[in-house]
Amino acid sequence: MPVWVCATCGNHYPDQGSPPGQCVICADERQWVPSSGQRWTTLAELAAAGHRSDIRPVEPGLLGIGVAPPVAIGQRALVIQTAEGNLLWDPPGFLDEQAIQAVKTAGGLRAVTASHPHFYGSIVEWSHAFDAEILLPRADARWLTRPDRAVRTWSGTLAVLPGVTLIQCGGHFPGSAVAHWAGGADGEGVLLTGDTIFVTPGEDRVTFVWSAPNRLPLPERAVRTVLEAVRPYRFDRIYGGWWQPVLRTGAREVLQASADRYIQFLRGEAAVD
Ligand SMILES: [Zn+2]
Ligand SMILES: [Zn+2]
């Protein structure tokens, strides 16, 4: 029996005879269900429709694994490589043998995780392929739509590998996280943020949302909590959830300036005429 894949968000559901009536992730106010109704697919159906893994080196020690053409929300995974093992972040809903081989060549996986439940995607498949732990923030673990024994929950911060730390920021989801990679950007430090901090198209600002598709903003206190969570860390670059945009440099300053501007708008203090 196939693993069922929600066609809208890419999350996986258990391999039962038929899929559930609705996807709980998409029925939530942060996501959406097509006006024509819930749609399900399978990995085999996606492969037959021509989807393939799209593997690209992103920077030294960072491998990207997306899907072409993209599936569902369209995020691409990132694999942080260290001398003591690798971490997979934000897997899309589709994976194939080519992706698994690429990660094998890169040294396999110690753990798999994601910024938030919209991007859990094929996380359980990846865990099974490499016998890797599934690291989920305790606050969001109930959103994993395909329960698995390899789940280990955490909260606050978690040192996963040398120089690689998961940081719970909250905001978009209570367990929304970023991954800090101290060795990234030639040692200047990198944040992988998914939807926790959004890089905007000009690659010179960031923003925050409670719901991206429904255009609902994040309250000021949540924005401040995100800022406080990452303040202790050194970083110069931010990778969001997609191949582009990327905030390549000056990320700490840009984050603060963008948050200040965002809060001006929330408070009605920005001049908009
Ligand atoms: Zn869904
Ligand atoms: Zn999201």
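Here is a short back-and-forth about how some labels on this predicted model are earned.

User: Let's start with the cysteines. Why is cysteine 9 called buried?
Analyst: Buried takes a relative accessible area under 20%. Cysteine 9 comes in at 1%, so it counts as buried.

User: And what makes cysteine 23 buried or exposed?
Analyst: Its relative accessible area is 0%, so cysteine 23 goes down as buried.

User: How many disulfides does the structure hold?
Analyst: Zero. To be counted, a pair of cysteine sulfur atoms has to sit within 2.5 Å.

User: On to the helices. Which residues of H5 are buried?
Analyst: H5 covers residues 220-230, and its buried residues are Ala222, Val223, Val226, Leu227, Ala229 and Val230.

User: How do you know that they line one face of the helix?
Analyst: Look down the axis of H5: the buried residues fall within an arc of 165 degrees, so they line one face. It helps to remember that an α-helix has 3.6 residues a turn, so residues three or four places apart point the same way.

User: What do the buried residues of H5 pack against?
Analyst: Three strands and a helix: S12 (164-168), S13 (177-181), S14 (190-194) and H6 (251-266).

User: What makes H5 roughly antiparallel to H6?
Analyst: The two axes cross at roughly 170 degrees and come within 10 Å. Angles over 145 degrees count as roughly antiparallel, so that is the label for H5 and H6.

User: Which residues meet there?
Analyst: From H5, Glu220, Val223, Arg224, Leu227 and Val230; from H6, Arg252, Leu255, Gln256, Ala259, Tyr262, Ile263 and Leu266. Sorted by class, the contact has eight nonpolar, one polar and three charged residues.

User: What puts the buried residues of H3 on the same side?
Analyst: The residues in question are Ala99, Ile100, Ala102 and Val103. They cover an arc of only 160 degrees around the axis, so they end up on the same side of H3. What covers them includes strands S4 (52-59), S5 (62-68) and S6 (77-82), along with helix H4.

User: Glutamine 101 is in H3 too. Why is glutamine 101 called partly exposed?
Analyst: Partly exposed is the range between the 20% and 50% cut-offs. At 38% relative accessible area, glutamine 101 falls in that range, so partly exposed it is. Its C-alpha atom is separated by 15 Å from that of glutamine 81, 20 residues apart along the chain.

User: What comes just after H3?
Analyst: Glycine 107, which takes a positive phi of about 110 degrees.

User: How do you know that serine 127 is buried?
Analyst: Serine 127 has a relative accessible area of 2%, against a cut-off of under 20%, so it counts as buried. Serine 127 is in helix H4 (residues 123-130). Leaving aside neighbours within four places in sequence, serine 127 is in contact with Val112, Ala132, Ile134, Asp148 and Ala150.

User: Where does tyrosine 120 lie?
Analyst: In the loop between strand S8 (111-113) and H4.

User: Why is tyrosine 120 called buried?
Analyst: Its relative accessible area is 1%, so tyrosine 120 is classed as buried. Not counting residues up to four places away in sequence, tyrosine 120 touches Asn11, Pro91, Ala114, Leu136, Pro137, Asp140, Trp143 and Leu144. The C-alpha atoms of tyrosine 120 and alanine 141 are separated by 10 Å, with the two residues 21 apart along the chain.

Key: Residues are numbered from 1 along each chain as its sequence is written. Chains are lettered from A and ligands numbered from 1 in the order in which they are written. This is a predicted model: local features need pLDDT of at least 70, side-chain atom pairs count only at pLDDT 80 or more; totals for chains, interfaces and linings use all residues. Side-chain values use heavy atoms; hydrogens and water are left out. Buried means under 20% relative accessible area, exposed over 50%, partly exposed in between (1.4 Å probe, protein chains only). Helices (H or I, at least four residues) and strands (E, at least two) are DSSP runs, numbered from the N terminus. The arc is that of the directions from the helix axis to the C-beta atoms. Contact means heavy atoms within 4.5 Å. Axes are lines fitted to C-alpha atoms, for helices over the stretch in contact, and angles run from 0 to 180 degrees between N-to-C directions. Angles under 35 degrees count as roughly parallel, over 145 as roughly antiparallel, 65 to 115 as roughly perpendicular and the rest as oblique. Ala, Val, Leu, Ile, Met, Phe, Trp, Tyr, Cys and Pro count as nonpolar, Asp, Glu, Lys and Arg as charged, and the others, Gly among them, as polar.
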